[in-house]
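Trainee: Please take one part of this structure and show me closely how it is put together. Then tell me about its surroundings.

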Amino acid sequence: MAVKDIPDNVFMTTLDAAANWSRANSLWPMPFATACCGIELMATASSRFDLSRFGAEVMRFSPRQCDLMIVAGRVVMKMLPVLQRIWLQMPEPKWCISMGACACTGGVFDTYAVVQGVDRFIPVDMYVPGCPPRPEQLIAGIIALQDKVIKTGTFNGREFAKRTVAMGPPPFDADELIRIREGNEQLPVLN
Amino acid sequence: MSHQELLQTRFPAAGLVFSDFRDNHRVHVPKERLVEVLTCLKTDGGFDMLVDITAVDYLEYEDTDDRFGVVYVLLNTSTGERTIVKTFVNDPDPTLPSMYPLWKSADWTEREVYDMFGIKFEGHPDLRRILMPDEFTAFPLRKDYPLKGRGERHNFPVITRSES
């Protein structure tokens, strides 16, 4: 088979897949551990649960050397600017795991100082539920993130802005609701 | 001589109210006599350690006339004796004299009471917020402040994927 018979894009796609596969199996976590979830994160990284089986054992405490941020624990309003600055300091491509009930939703700490979910202020790729989650759950989250990296590819923010296609229902329009009410139409069932 | 006898002989007409529960000895002091009573407890009563300063908001509390109660927990490190001194301050502009000249531990504890309740301490060398961020304007442990805040916790810029 002559080389000229292969379409141009085949070679590129294969290279992307290879890059995605290597990146997915060599994640460098940045532990942002603020509470008891951090203890489970340490247990996950150490010998018994052995995160190195999944190629993600090299925890670096400098955001410049990481591509996966694991937010483990509650984040208060005094800590949030720190979290955002660390996220911005990480080089692209990068991912974020929100680990535990507090990082995902604020958990039981529905008080004046605790942020109700870090996904309000930084992009989050994977949510790990639990209070705190067992190491197996975190490993399941990392495996799911590896699948996501392989499927969606490694891209930076600028490429993401170009690639993004609006998904789901259209954004809520308050004027439309008023029009429907005034026109006495039947409202669709909303979740 | 226990500290209660000492205070009774020193301040017979100061309006001190003593109460006991098991080994918990308390004395209520009018705001005007607070400095004298605490100075006497330190110099003559031997209470050389100020363990903690905290406050209580009695807003809408039954059978109370005063808004805030401020609590001083003292310890005599040579005898192990403890006492709790309580005084009351009111709106507007609740103010107390600072205990920093007597005990250096009053520095951060008074800052904490100021941060949470908005009670000012006159004579404090550096009275500013210690727990909440500097741009926070409310006093969160007051009873008229909502438990979930007034939206300060979500008043931050949002970083999206395409910006990061």
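Mentor: We will walk through the main sheet of chain B, then step out to chain A. Keep in mind that this is a predicted model.

Begin with the setting. Chain B has three helices and seven strands. Along the sequence they follow the pattern α-β-β-α-β-β-β-β-α-β. The C-alpha trace spans about 75 × 35 × 30 Å along its principal axes. Of the 164 residues in chain B, 20% are buried. Now take contacts between residues at least 6 apart in sequence: in chain B, 51% of them join residues at least 24 apart.

Now the sheet itself. Five strands of chain B form an open sheet in the order E1-E2-E5-E4-E3, and the pairing is mixed. Which strands sit at the edges? They are E1 (17-21) and E3 (49-57) of chain B, each pairing on one side only. From one strand to the next, the twist averages 20 degrees.

Follow the pairs across. E2 (residues 24-28) of chain B runs parallel to E5 (residues 82-89) of chain B, and three bridges join them. Find B:Arg26 here: its bridge partner in E5(B) is B:Ile84. Next comes E4 (residues 68-75) of chain B. Eight bridges join E4(B) to E5(B), and this pair is antiparallel. B:Ile84 turns up again, now opposite B:Val73. So B:Ile84 is a good residue to pick out on screen: it is paired with B:Arg26 and stands opposite B:Val73.

E4(B) and E5(B) also make a hairpin, with six residues between the strands. In that hairpin B:Gly80 takes a positive phi near 80 degrees.

One pair is left to trace. E3(B) and E4(B) are antiparallel too, paired over eight bridges. Here B:Ile53 stands opposite B:Tyr72 in E4(B). Helix H3 (residues 106-117) of chain B packs on the sheet and touches E3 and E4 of chain B. The direction of this helix makes about 5 degrees with that of E3(B).

Step out to chain A. The contact between the chains takes 16 residues from chain B and 20 residues from chain A. On the chain B side there are six nonpolar, five polar and five charged residues.

Next, the nonpolar cores. The largest has 39 residues, and those with the most contacts inside it are A:Leu68, A:Met69, A:Ile70, A:Val71 and A:Met99. Eight elements of chain A are worth finding, since E1, H2 (36-45), E2, H3, E3 (95-99), H4 (100-105), E4 (126-128) and H5 (135-152) each supply at least two residues of this core. E2(A) gives the largest share, five residues. Look at A:Met99: among the residues it touches are A:Cys37, A:Leu41, A:Ile70 and A:Val128. A second, separate core of 24 residues includes B:Ile53, the residue we met in the sheet, along with B:Leu96, B:Met99 and B:Tyr114.

Two helices of chain A repay a look. In H2(A), the buried residues are A:Cys37, A:Glu40, A:Leu41, A:Thr44 and A:Ala45. They cover an arc of only 140 degrees around the axis, which puts them on the same side of H2(A). What covers them includes E1, E2, E3, H4 and H5 of chain A.

In H3 (residues 80-89) of chain A, A:Leu80, A:Leu83 and A:Trp87 are buried. Seen down the axis, they fall within an arc of 55 degrees, so they line one face of the helix. The general rule is simple: an α-helix has 3.6 residues a turn, so residues three or four places apart point the same way. On the other side of H3(A), A:Val82, A:Arg85 and A:Gln89 are exposed. The cover over the buried residues includes E1 (29-33) and E2 (68-72) of chain A.

Last stop: A:Trp28. This residue lies in the loop between H1 (8-24) and E1 of chain A. With 17 C-beta neighbours inside 10 Å, A:Trp28 counts as partly exposed. Among the residues it touches are A:Val58, A:Arg60 and A:Leu68.

Terms used
Residues are numbered from 1 along each chain as its sequence is written. Chains are lettered from A and ligands numbered from 1 in the order in which they are written. This is a predicted model: local features need pLDDT of at least 70, side-chain atom pairs count only at pLDDT 80 or more; totals for chains, interfaces and linings use all residues. Two residues are in contact if their C-beta atoms, placed from the backbone, lie within 7 Å. Ala, Val, Leu, Ile, Met, Phe, Trp, Tyr, Cys and Pro count as nonpolar, Asp, Glu, Lys and Arg as charged, and the others, Gly among them, as polar. Helices (H or I, at least four residues) and strands (E, at least two) are DSSP runs, numbered from the N terminus. A residue is buried if 20 or more other C-beta atoms lie within 10 Å of its own, exposed if 12 or fewer, and partly exposed in between; C-beta atoms are placed from the backbone. The arc is that of the directions from the helix axis to the C-beta atoms. Two strands pair if DSSP finds at least two bridges between them. Axes are lines fitted to C-alpha atoms, for helices over the stretch in contact, and angles run from 0 to 180 degrees between N-to-C directions. A nonpolar core is a set of buried Ala, Val, Leu, Ile, Met, Phe, Trp, Tyr and Cys residues joined through C-beta atoms within 7 Å.
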